[in-house]
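Please read the following report alongside the sequence and the three-dimensional model. The report takes up a few residues, strands and charged pairs in turn.

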Amino acid sequence: MKNAVQVILNKCMGLKSNEKCLILTDNSDDKKYISELLFEEASKISEIVEKQIISVAKVNGEEPEDFVAEKMKEFDVILILTDKSMTHTKARKNASTQGTRIASMPGINKDIMERCIDVNYDEMKKLTNKICDKLDVTKKVRIVTKQGSDFTFSINGRLSHGREAGINSGKGDYSNLPEAESFIAPIEGTANGIYVIDASQAGVGKLDSPIKITVKDGFAVKIEGDIKATEFDEMLKNINDKNAYNIAELGIGTNKKAIITGIILEDEKVYGTCHIALGNNFGFGGNVNVGVHVDGVINSPTIYFDDEKVFDEGEFLF
């Protein structure tokens with residue numbers, strides 16, 4: 001654990017003695033222990049380290065309280081340890097715009113810390129950037145799986161994200177930890193077809209049976225499956241906003257140490273998987289700003305960038 005903390009502070013965030021560091025946590029599950037360890041070690045590097053306990057959010061992408069959003073702008077480095085993700089919030093985006101370097105760790109626990117933080121970042125970054133390079137010049141994506149997915153959308157003109165691969169060394173850099181993934185916001189209104197989530201779904205966890213999602217003109221219009229599919233659909237309905245069903249993200253995992261656990265922070269990084277998110281994409285190049293962002297992870301996808309097959313049942317072809 002201490003080694004993982006050192007990797008976060010020194011390699012991933014590059015915390016310096018003259019920088020102000022904020023640790024945001026809701027103290028859920030293992031977060032209290034991990035945040036205390038981070039605070040202790042960060043205080044050996046920087047003289048200005050503050051820990052702020054915040055309320056537990058109901059869903060991923062929910063905005064924090066106003067005073068928290070304002071406080072985030074005052075620090076050079078922020079480590080976010082919460083149950084629900086703040087990565088795709090306006091508060092995170094505004095702090096990044098101010099130049100703050102941010103690592104968001106929603107759902108982090110001791111097992112994930114010990115397994116997925118101390119990795120070969122150079123190798124991971126190289127692969128992640130290769131995918132980003134291809135995404136940046138691709139117009140149309142198609143995803144096919146043996147589970148029944150056949151799903152297309154445009155990314156024409158959109159830019160990919162994730163190039164830092166967990167190394168947040170520049171002003172405004174942000175990422176999840178653990179990383180890595182290449183991700184992009186599909187053009188709103190262009191997604192059509194069916195995709196089948198068979199690994200895990202944010203909000204309901206690891207799946208025993210698949211969730212089938214039918215998409216028309218950029219929105220999920222039908223969610224089918226077992227009790228977890230029903231729970232997931234009800235969660236989105238409770239947002240009471242059509243944009244909760246917006247096709248928000250394509251992500252491709254590149255972390256070889258990550259495994260499917262039911263915690264989306266790790267699941268979406270698993271090497272050879274992809275994920276589709278519904279809801280908010282405002283923080284990474286899209287136009288939809290709604291208070292939810294929920295990823296669904298797909299095992300062994302076959303993916304086409306325009307007419308080129310770049311993944312064959314989860315295997316990279318470049």
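What follows describes a predicted model, beginning with one glutamate and the strands around it.

## The setting of E249

E249 belongs to strand β14, which spans residues 247-253. Seven of the seven residues of this strand are buried, so β14 is largely enclosed by the rest of the structure. On one side, strand β8 (residues 181-184) is joined to β14 by four bridges in the antiparallel sense, and within this pairing S182 stands opposite I252.

Strand β14 is also joined to strand β15 (residues 274-279), again antiparallel, through five bridges. Here E249 has A277 as its bridge partner, while G251 is matched with H275. Strand β15 is itself mostly covered, with six of its six residues buried, and it pairs in turn with strand β16 (residues 293-298) over six antiparallel bridges. In that pairing, the bridge partner of I276 is G296.

## A buried acid without a salt bridge

Which side chain of opposite charge is nearest to E249, and how far away is it? The nearest is K269, at 8.2 Å, and E249, although buried, has no salt bridge. Since a salt bridge requires a nitrogen of Lys or Arg within 4 Å of a carboxyl oxygen of Asp or Glu, the contacts that E249 does make have to be described in other terms.

Two of these contacts are polar and involve histidine side chains: the side chain of E249 meets that of H275 at 3.2 Å, and a polar contact of 2.8 Å joins it to the side chain of H293. H275 also appears in the strand pairing described above, as the bridge partner of G251 in β15. When residues up to four places away in sequence are left aside, the residues that E249 touches include H88, E181, F183, I184 and P186, as well as I276, A277, F284 and D295. Two further acidic residues, E181 and D295, are thus among its contacts.

## R158 and its contacts

R158 lies in the loop between β6 (150-154) and β7 (174-176). With a relative accessible area of 12%, R158 is buried. Its side chain reaches the backbone oxygen of P186 at 2.9 Å, and a polar contact of 2.8 Å joins it to the side chain of E188. P186 is also one of the residues touched by E249.

Leaving out residues up to four places away in sequence, R158 touches D136, I184, A185, P186, I187, E188, G285, G286 and N287. For D136, which is 22 residues away along the chain, the C-alpha atoms of the two residues are separated by 6.8 Å.

## Salt bridges between separate parts of the chain

Side chains of opposite charge can pair when their charged atoms come close. How many salt bridges does the structure hold? There are 18, and the pairs described here are among them. In one, D136 forms a salt bridge with R163, the closest N and O atoms being 2.8 Å apart. This pair links distant parts of the chain, with D136 in helix α6 and R163 in the loop between β6 and β7, 27 residues apart. D136 counts as partly exposed at 25% relative accessibility, and R163 likewise counts as partly exposed, at 26%.

In another pair, K71 and E50 form a salt bridge whose closest N and O atoms are 2.7 Å apart. K71 lies in helix α3 (residues 66-72) and E50 in strand β2 (residues 48-53), so the pair ties together parts that are 21 residues apart in sequence. K71 is buried, with a relative accessible area of 14%, whereas E50 counts as partly exposed at 29%.

K256 forms a salt bridge with E123, with 3.6 Å between the closest N and O atoms. Because K256 lies in the loop between β14 and α8 (264-267) and E123 in helix α6 (residues 121-136), this pair ties together parts that are 133 residues apart in sequence. K256 counts as exposed at 55% relative accessibility, and E123 is partly exposed, with a relative accessible area of 43%. Elsewhere, K2, E41 and K44 are linked in a network of salt bridges.

Technical notes: Residues are numbered from 1 along each chain as its sequence is written. This is a predicted model: local features need pLDDT of at least 70, side-chain atom pairs count only at pLDDT 80 or more; totals for chains, interfaces and linings use all residues. Side-chain values use heavy atoms; hydrogens and water are left out. Helices (H or I, at least four residues) and strands (E, at least two) are DSSP runs, numbered from the N terminus. Buried means under 20% relative accessible area, exposed over 50%, partly exposed in between (1.4 Å probe, protein chains only). Lys and Arg count as positive and Asp and Glu as negative; His and the chain ends are not counted. A polar contact is a pair of N or O atoms within 3.5 Å; within protein, one must be able to donate a hydrogen and the other to accept it, and residues adjacent in sequence count only if both atoms are side-chain atoms. Contact means heavy atoms within 4.5 Å. Two strands pair if DSSP finds at least two bridges between them.
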